[in-house]
Amino acid sequence: MQSILQEIITAQLFTFLLLFMRFGMAVMIMPGIGDSFVTPQVRLLFSLAFCLVLTPPLSVMIPAAPATAPLLVALLVSEMLIGIYIGTVMRIMISALDTAGSIISIQTGFSSALLFNPVSDTQGSVVGAIYSMLGVTLLMVMDLHHFMLAAIVDSYHLFPAKGGLPDLAGMSDLIAGMVALAFKTGTQIALPFLVVGMIMQMGFGVLSRLMPQIQIFFLALPAQITVGLLIMTITLSAGVLFWVSIYEQTVTQAISP
């Protein structure tokens, strides 16, 4: 009886350890829970609690403990790489909002106003910080963090725990495609500002040729800011909701089977 209990406990501990390698790495990188304003202790405790809850139902998808130490290390490294890939996939699309904010800042005259962006953990434009924080807030309000956590669970169907190295070439190609998609999405969100900004710059150029004595810079900057804030008021909700739909589709295709 004691040996049976010992085998069960050992198997459960191994399952918990293997789950923690994948879930822990993904949670540390994913947006919202893995952002810099969430302390590492909170992220660690959340990962441990989450893995503790999922150990019984996911134990059937975890292989038996390897007989040798090299095989165990290879299995742990494989799960760690998969967790990093999942967290990176979830994080990349956040950069679309920062890209949109940078383009909008240039078009509206806010490019010189820099602010610390807690989502990207870097200094960036004010508009980029607003869009990034709004995007993360929507992910939480719309319960998409539940969707992201469920996607990690579903990843065991797409990336079973076998111990071998995952398809690194395929992962790299997919991440490169997602980076391109994030830039495209950010540009699409900022497209109204690009069109209006181009028209305004053309108008100010014609005006400077017609009336050279006018200081166009002092006239153009307030107009840029006013029109930019007006367009942002009109397009902010539509742009962020468009990003949310793209985010959900992209993560589903990249992680879920």
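## Burial and surface

Here, a residue counts as buried when its relative accessible area is under 20%, and as exposed when that value is over 50%. By that yardstick, 40% of the 257 residues of the protein are buried. Bear in mind that this is a predicted model.

As for the outside, the protein exposes about 13,300 Å². Carbon and sulfur atoms supply 73% of that area.

## Fold and overall shape

If you walk along the sequence, you meet the pattern α-α-α-α-β-β-α-α-α-α-α. In other words, the protein has nine helices and two strands. Its radius of gyration comes out at 24 Å, well over the 18 Å that the globule rule gives for 257 residues, so the protein is more spread out than a compact globule. The C-alpha trace tells you how that looks along the principal axes: it spans about 95 × 35 × 25 Å.

What about contacts along the chain? Take the ones between residues at least 6 apart in sequence: 81% of them join residues at least 24 apart.

## A nonpolar patch

Which residues make the nonpolar surface patch of about 290 Å²? The patch is the work of V141, M142 and L241.

V141 is worth a closer look. This residue sits in helix 5, which covers residues 126-141. Its relative accessible area is 60%, and V141 counts as exposed because the cut-off for that label is over 50%.

Terms used
Residues numbered from 1 in each chain as written. Predicted model: local features only at pLDDT ≥ 70, side-chain atom pairs only at ≥ 80, totals over all residues. Heavy atoms only, no water. Patch = residues over 30% accessible without salt bridge, like charges linked within 9 Å, V, L, I, M, F, W, Y side chains within 5 Å. Areas by Shrake-Rupley, 256 points an atom, 1.4 Å probe, with all protein chains shown as cover. Salt bridge = Lys/Arg side-chain N within 4 Å of Asp/Glu carboxyl O. Helix = DSSP H or I, 4+ residues; strand = E, 2+ residues; numbered from the N terminus. Buried < 20%, exposed > 50% of the residue type's maximum accessible area, 1.4 Å probe, protein only. Rg over C-alpha atoms; globule rule 2.2 N^0.38 Å. Contact = heavy atoms within 4.5 Å.
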